[in-house]
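Here is a short briefing on one protein model. Keep the sequence and the 3D view open while reading.

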Amino acid sequence: MKTMLIGDHIVKSFREGAEKRNVLGGVSVEIDEGEFVAVMGPSGSGKSTLMFALSGTDSVDNGQVCFDGRELSKLGENELADLRRTQMGFVFQQPTMLKNLNILDNIILLSMRDGSRNPAEIVEKARALMKRVGIAELEKRDIAQVSGGQLQRAGICRALMNNPRIIFGDEPTGALNSQSAQEIMDIFSEINAEGTAVMLVTHDAKVAARTERIMFMRDGIIASELKLPKFNGTGTDIDERVKQVTAKMREIGI
Ligand SMILES: Nc1ncnc2c1ncn2[C@@H]1O[C@H](COP(=O)(O)OP(=O)(O)O)[C@@H](O)[C@H]1O
Ligand SMILES: [Mg+2]
């Protein structure tokens with residue numbers, strides 16, 4: 001598999017009063033085209049910071065991040081914004097959506113601001129995505145009139161509008177019950193099966209167990225990694241995988 005995203009000895013620190021605290025202490029990570037990976041680790045271990053660094057959301061103090069061989073710190077502001085908009089999709093614990101717009105309008109809002117795109121095609125694309133994730137009938141609903149799981153599906157549609165090559169999810173199932181979380185994971189699995197790389201931060205062993213590689217972070221470094229074969233979709237497979245993930249978590253004390 002071709003390497004798509006490389007983080008090479010990334011260092012990131014934040015100032016705490018007079019002190020500088022290293023949040024990422026030289027993390028190296030490679031993500032292949034179409035890979036399905038998870039990041040686990042205690043709160044404050046640097047998972048979100050790593051994801052922000054790899055996605056060019058935030059700069060790094062030291063080390064490099066390269067996407068398709070292009071070093072992010074060398075890109076101009078517009079080039080970086082273009083790269084992020086066209087190649088990357090983002091899903092968070094709770095999608096930030098505007099209260100005065102319905103679900104469809106929230107999904108298409110950013111794409112509509114891109115003057116080079118045809119509005120009818122944007123709506124068509126959004127409707128196709130909504131249908132695919134099972135919320136086709138909700139397009140006119142206000143965001144307050146749908147469940148957390150439905151809102152997250154809308155967030156995923158929004159992230160997929162530009163056919164990204166990688167989706168970054170920062171605890172995308174963190175606000176959902178376990179049934180909805182698994183349904184959202186079914187969607188991520190499908191997206192991944194079509195060739196989009198997916199990187200998820202999660203606390204949930206059952207969520208991580210659906211991926212093919214889990215990086216365990218502790219104190220700003222990747223303390224360990226677990227590789228798993230592709231998930232075959234069965235209950236016995238998931239049980240076995242969860243056992244492996246939790247065993248690893250215990251082994252490294254997270
Ligand atoms: N913008 C920031 N300013 C100061 N400290 C930050 C900032 N972002 C994160 N941190 C600190 O960095 C550490 C790691 O944060 P984060 O990456 O969000 O952890 P995680 O996602 O693993 O819970 C935490 O101690 C957090 O307080
Ligand atoms: Mg976080």
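The points below cover the ligand site, the helix crossings and two backbone angles.

This is a predicted model: local features need pLDDT of at least 70, side-chain atom pairs count only at pLDDT 80 or more, and totals for chains, interfaces and linings use all residues. Residues are numbered from 1 along each chain as its sequence is written, chains are lettered from A and ligands numbered from 1 in the order in which they are written, and side-chain values use heavy atoms, with hydrogens and water left out.

**Ligand 1: the shell**

- F14, R21, V23, P42, S43, G44, S45, G46, K47, S48 and T49 surround ligand 1. A residue is near a molecule if one of its heavy atoms lies within 4 Å of it.
- The shell splits into three nonpolar, six polar and two charged residues. Here Ala, Val, Leu, Ile, Met, Phe, Trp, Tyr, Cys and Pro count as nonpolar, Asp, Glu, Lys and Arg as charged, and the others, Gly among them, as polar.
- Helix α1 gives the largest share of the shell, three residues. Helices (H or I, at least four residues) and strands (E, at least two) are DSSP runs, numbered from the N terminus.

**Ligand 1: polar contacts and burial**

- A polar contact is a pair of N or O atoms within 3.5 Å; within protein, one must be able to donate a hydrogen and the other to accept it, and residues adjacent in sequence count only if both atoms are side-chain atoms.
- The side chain of K47 places an N or O atom 2.8 Å from an oxygen of ligand 1.
- For the side chain of S48, the distance from an N or O atom to a ligand 1 oxygen is 2.9 Å.
- S45 uses a polar backbone atom, 3.2 Å from an oxygen of ligand 1.
- Ligand 1 taken alone exposes 560 Å², and the protein buries 61% of that. Accessible areas come from the Shrake-Rupley method with a 1.4 Å probe.

**Helix crossings**

- The axes of α3 (residues 103-113) and α5 (residues 148-160) come within 9 Å and cross at roughly 25°. Axes are lines fitted to C-alpha atoms, for helices over the stretch in contact, and angles run from 0 to 180 degrees between N-to-C directions.
- α3 and α5 are therefore roughly parallel, a term for angles under 35 degrees.

**Positive phi outside glycine**

- H9 has a positive phi near 50° and is not a glycine. H9 is in strand β1 (residues 3-16).
- D68, also not a glycine, has a positive phi of about 55°. D68 is in the loop between β4 (62-67) and β5 (70-71).

Note on methods
Angles under 35 degrees count as roughly parallel, over 145 as roughly antiparallel, 65 to 115 as roughly perpendicular and the rest as oblique.
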